[in-house]
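Got the viewer open? Let's take a short walk through it, one selection at a time.

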Amino acid sequence: MKADPATCREFGQWIGRRSLLVGAATAGLGFLSRASFAQAAFRPDREDGPVLVSVFLRGGADALNIVAPYGEDAYRRARPTLGFGGPKGSAPNGRALDLDGLFGLHPALEPVLPLYEEGRLAVVVACGSGDETRSHFEAMSAMERGLGSSEKGEASGWIARHVNQDPGRGGPLRAVAVGATVPESLRGAVGAVTFSGVADYRLDVPDAEESKFRSLLRNLHEGEDTMAAAGAKTLEALEKLRSSDPRRYRPGHGAAYPSTGIATALRDVAYLVKGGFGLEVAALESVGWDTHVAQGAATGWQANLLKELADGIASFFQDLGPKSDRVVLTVQTEFGRRLEENSGFGTDHGHGGFMFAFGGPVQGGKVYGRWPGLSPDQLVGPGDLAVTTDYRTVLAEILERHVGCPDVSRVFPGRSDGRLGLIRA
Amino acid sequence: MKLDRREALAALGGAGVLALAGCNPFRPKLGPGLALTATSSKDPDVRFLDRFGFGPDAVQLTQIKKAGREAWFERQLEAPTGEVPALASRLAYLEIENLSAWDLRDWPIEDVLRQIQLSAVLRATYSPFQVRERLVHFWSDHFNVYARKGLGGFRKPTDERDVVRKHALGRFGEMVSASSKSTAMLLFLDQQASTARHPNENYARELFELHTLGVDGGYSQLDVMEAARCFTGWTEERGIFAQVGSFQFDATIHDTGSKTVLGTKIPAGGGVEDGEAVVWLAVRHPSTARHLAKKLCRSYLGPITDVAPVERVARTFADSEGDIKATMRALFREYESGSVAPVVKRPFDTVVSALRALGAETDGDGPLQEHLEKMGQPLHQWPMPDGFPVAAEAWTTSLLGRWNFAAALAHGRIKGTSVPSLPDTPSQTVSAVFGGGLPEDRARAIASKLGQAPDRETCLAACLSTPEFQWR
């Protein structure tokens, strides 16, 4: 994908406008009543707020082969069948796509390399949580609840705590998850909705019966019961989506999404972003990253997953075109994996991951974070990369400077401050 | 619409009503403006059948009314191994019921999955041994094996039959022991790739974290690593004459050194008994009783805030050395003494309880399973070892799938599933769906809203979609 000059020009204009407007716009939204939102539903420009898309890779994705420190000898020594080489020298397992002379992206991530070169992808290394249980469930749960480790803490999700600071803001599709069940990051969010695909989000009854059934449902879901509240929100979302037809959606700018799960989910998000549904936060997930055996290097299990991810993300930003200037997409996973590969040509649960931040507001084309090194005295635990950047630092900055979160300390209580500066001022 | 006093209380939700019924008020906050509420003070027998089984049908409700809950429950605990003839004949054509993993080795995963999904619906809907059926689901989640991992599908029916169902009302330790040698579990958790040189920690970790002690159970990373060494060599038969799908201990890749697990020294030179020792150390650890009691209470009693019932159930579990019947009796006593909080129906519960309430005829096949998938609970396909979630928050972001199921069932649009006769009036619809489980005034209020339905089908669809029907 080449940079589109028209996109860039609009991008520059947007940045100028955005820095003036974003504070005012988000503050202003709070004053809009629900009724005025209903009226505004058909006027996409009123719903053109900043959007955060969070992609969670479940299974503890192997960061060291996603952002490969090919410049470190220890890396290639510990990974005789998995480790990548850099642009020069021998590279029996394939070459990483060079980023800055030390780090390179997994070759399957080639579709997103242009975004890095255009400055719309920031890479954070040695990023993660303080969790040391190496349990998927503990680590995912802690991360989705916005905790530093699996210490006892908030039971709600971090996205939920952001959303609940101002529950009246946004439309019924303000916070969505695409998946089978609600992810923990959204647990407890007022009015969050989950669907497997936006075109499926309709009452499956003949048209003649639809409005009568809907009005019955509305009557039955009055009241304070959790289920009644959930039903009322479901109806709101349904009614809004009926105003357009997601099944007829045609991606823009020549984007052609592959038919993988993550790409299809991103296509739905693009539809919601462009259709003016008041989308603010979307939580997506990709499963299958627990590569204990036969992980593969330039090809194979992990490479296939990364290619699906990269194709999906590249199509997403192509589809959004200039609207990508109000979207930040993050990619994260619950923990990294051990430096040394195991006897099954896979990797065991480790520590120290990575994060990606894509989008117009991102100050990209750069590797962020302090690299702790991979020599034995620099590793932690049973041989893992150390974490030098708290994942919450990245998310907090995006929430605060991009989404306009009123009080980020309520989303991540107990986090020490600090910023990487990866969101443009 | 005017509300009388009782109805106004019911509208306030379960907090008030449960307090009136002599239970602890329960209103945990989920977020601003949202609270769980019990629907209403249901008929105690109806709610009991919702909690300990998959909801009332006409036969079970009559039985329990006649015998009383305790006698009925005792009889349920003595469920025979086999199925009653009526259910056996429905299951008769399912080959997976009798085949081994070896027999199923060349079967496409879709065929295996279809048969185990189908049998789950048929048993839950038609088995008179409802307590056992619900326990089977509890254990199937507790020892969850994702049927789609690798080529694992063909091992799954054996796991469901010989681990979960066989021991559901037996001894917990025997179940963990069977699970530890189930090739479905060993392959799901990568145990087959574990060698002395490079032990794989996955199974050992989940054994402690999920199956026995619980994550706060007091084990360390070192315990996990040592246990993983004990399990090296636990794998599946390999080679030309191997019975694929059967457990095998491969001494050549086993770590024979001495290990220390949970404070117990396991001497050098051991073989398969090293892993067996780990299983029983974990099963007998005091944290296991607490972990199991907590999970059972959460599932059957709801998110109760009082810790005393959990402690009492844990004590029974420990004192009886993991006797599941004794533990269930303790759970029964806690339920009867009023330790009850709202529990949301998971999609499977909504589907099966609707079928049972309406005396529906179902083959349990694909078209019904598709609804479960859209509602968020594709059977045997939870990809992580912790099983489908129980908490209400996991199921309340959108109710669309439930409404679409209700509409499809009522309008006769689920191929292979039908309701024999539709109730004529809104009030008949309410009594059919709720089995008389709602207080008179609440039932009247719903019936009056259903009065706007254009036809009997829509009336039934709306009634099955009510918030009240989504609670157990």
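Start by selecting Glu144(A): at 3% relative accessibility, this residue counts as buried. Keep in mind as you look around that this is a predicted model.

Now add Arg58(A), which is buried too, with a relative accessible area of 8%. The two side chains meet in a salt bridge, 2.9 Å from N to O. Arg58(A) sits in the loop between strands S1 (51-57) and S2 of chain A, while Glu144(A) belongs to helix H5 (residues 136-144), so the pair ties together parts that are 86 residues apart in sequence.

Stay in chain A and pick out the open sheet: three strands, in the order S2-S4-S3, with antiparallel pairing. Its edge strands are S2 (67-68) and S3 (97-98), each pairing on one side only. Zoom in on Val67(A) and you'll find Leu105(A) of S4(A) standing opposite.

Hop over to chain B and select Asp43(B) and Lys65(B), whose side chains form a salt bridge of 2.7 Å, N to O. Which of them is buried, and which partly exposed? Asp43(B) counts as buried at 18% relative accessibility, whereas Lys65(B), at 45%, counts as partly exposed.

Next, try Glu361(B) and Arg90(B): another salt bridge, with the closest N and O atoms 2.9 Å apart. This one links strand S7 (residues 361-362) to helix H6 (residues 85-91) of chain B, with the partners 271 residues apart.

Last stop: select Glu83(B), Glu97(B), Arg123(B), Arg132(B), Glu133(B) and Arg165(B), which salt bridges with shared partners join into one network.

Terms used. Residues are numbered from 1 along each chain as its sequence is written. Chains are lettered from A and ligands numbered from 1 in the order in which they are written. This is a predicted model: local features need pLDDT of at least 70, side-chain atom pairs count only at pLDDT 80 or more; totals for chains, interfaces and linings use all residues. Side-chain values use heavy atoms; hydrogens and water are left out. Two strands pair if DSSP finds at least two bridges between them. Helices (H or I, at least four residues) and strands (E, at least two) are DSSP runs, numbered from the N terminus. A salt bridge is a side-chain nitrogen of Lys or Arg within 4 Å of a carboxyl oxygen of Asp or Glu. Buried means under 20% relative accessible area, exposed over 50%, partly exposed in between (1.4 Å probe, protein chains only).
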